[in-house]
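Reader: Could you walk me through this one? I'd like to go through it piece by piece.

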Amino acid sequence: QDLDTKGSPGSGTLIQKLFGMEMTLRKQCMCGKETTRGSETMHVALSYPKRRPVNCDDEMSFTQLLQRSVCREQVTQAWCDQCGKYKPHTQSRHISRLPDVILISCM
């Protein structure tokens, strides 16, 4: 199969099927207005803790590190239609579909 050839409508390319992770992005303004949209990514960049653990009990497993990196929550400035201005929003990502192959950037 040609890598650039689309299959049936909505199925994506072979590369998208193999490496594409479907995500649901959720943004919530401080006023309570919430928006969600679908997204797709082809790789995961690991998000390491800012400081080293003090003892072995505080160490993070690879599974925890991967989950933290994929489903992270952060605060960003974004436009709120309800407020009519840029305000801090809590943004979170959740996995809708895992790919057959996960590309991980460890930098």
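Author: Sure. Let's begin with a cysteine: C83 has a relative accessibility of 28%, so it counts as partly exposed. Keep in mind that this is a predicted model.

Reader: How far from C83 is the nearest cysteine sulfur, and how many disulfides does the structure hold?
Author: The nearest cysteine sulfur to C83 belongs to C31, at 3.6 Å. A disulfide needs the two sulfur atoms within 2.5 Å, so C83 is in no disulfide. For the whole structure, the number of disulfides is zero.

Reader: And C71: buried, partly exposed or exposed?
Author: Its relative accessibility is 29%. Buried would mean under 20% and exposed over 50%, so C71 lands in between. That makes C71 partly exposed.

Reader: Let's zoom out. What pattern does the protein follow along the sequence?
Author: The protein has two helices and six strands. Read along the sequence, they give the pattern α-β-β-β-α-β-β-β.

Reader: In what order do the strands of the open sheet sit?
Author: Four strands make up this open sheet, with antiparallel pairing. Strand 2 and strand 4 (73-80) each pair on one side only, so they are the edge strands. From one strand to the next, the twist averages 35°. The order is 2-1-5-4.

Reader: How many bridges join strand 1 and strand 2?
Author: Strand 1 covers residues 21-29 and strand 2 covers residues 34-41. Along this antiparallel pair, Q28 stands opposite E34, and R26 has T36 as its bridge partner. The two strands pair over eight bridges.

Reader: Which residue in that hairpin takes a positive phi?
Author: The hairpin of strand 1 and strand 2 has four residues between the strands. A positive phi near 110° turns up there, and the residue that takes it is G32.

Reader: Now electrostatics. How many salt bridges are there, and which residue does E34 pair with?
Author: The count comes to two salt bridges. In the one with E34, N and O are 3.2 Å apart, and the cut-off is 4 Å, so the pair qualifies. E34 is partly exposed because its relative accessibility is 41%, and its partner, at 23%, is partly exposed too. That partner is R26.

Reader: What about E22: which residue does it form a salt bridge with, and how many residues apart are the two?
Author: E22 forms a salt bridge with R97, and their closest N and O atoms are 3.3 Å apart. E22 has a relative accessible area of 35% and therefore counts as partly exposed; R97, at 29%, is partly exposed as well. The pair links distant parts of the chain, strand 1 and strand 5, and the separation is 75 residues.

Reader: Is Q91 buried or exposed?
Author: Q91 lies in strand 5 (residues 85-97). Its relative accessibility is 19%, and the cut-off for buried is under 20%, so Q91 counts as buried.

Reader: Which residues does Q91 contact, and how far is it from T36 in space?
Author: Leaving aside neighbours within four places in sequence, Q91 is in contact with R26, K27, R72, E73, Q74 and T76. T36 is 55 residues away from Q91 in sequence. C-alpha to C-alpha, the distance between Q91 and T36 is 9.6 Å.

Reader: Which element gives the most residues to the largest nonpolar core?
Author: That core has seven residues: M21, M23, V44, L46, L65, L66 and V70. Strand 1 and helix 2 (62-70) are the elements that give two or more residues to it. With three residues, the top contributor is helix 2.

Reader: Which residues does L65 touch, not counting those up to four places away in sequence?
Author: L65 is one of the residues of the largest nonpolar core, and so is L46, which L65 touches. The full list for L65 is L46, S47, Y48, P49 and M60.

Reader: Last one: what share of the contacts comes from residues 24 or more positions apart?
Author: For context, buried residues make up 21% of the 107 residues in the protein. Taking the contacts with a separation of 6 or more, residues 24 or more positions apart account for 50%.

Terms used: Residues numbered from 1 in each chain as written. Predicted model: local features only at pLDDT ≥ 70, side-chain atom pairs only at ≥ 80, totals over all residues. Heavy atoms only, no water. Core = buried A, V, L, I, M, F, W, Y, C linked by side-chain atoms within 4.5 Å. Buried < 20%, exposed > 50% of the residue type's maximum accessible area, 1.4 Å probe, protein only. Contact = heavy atoms within 4.5 Å. Axes fitted to C-alpha atoms, helices over the stretch in contact; angles between N-to-C directions. Salt bridge = Lys/Arg side-chain N within 4 Å of Asp/Glu carboxyl O.
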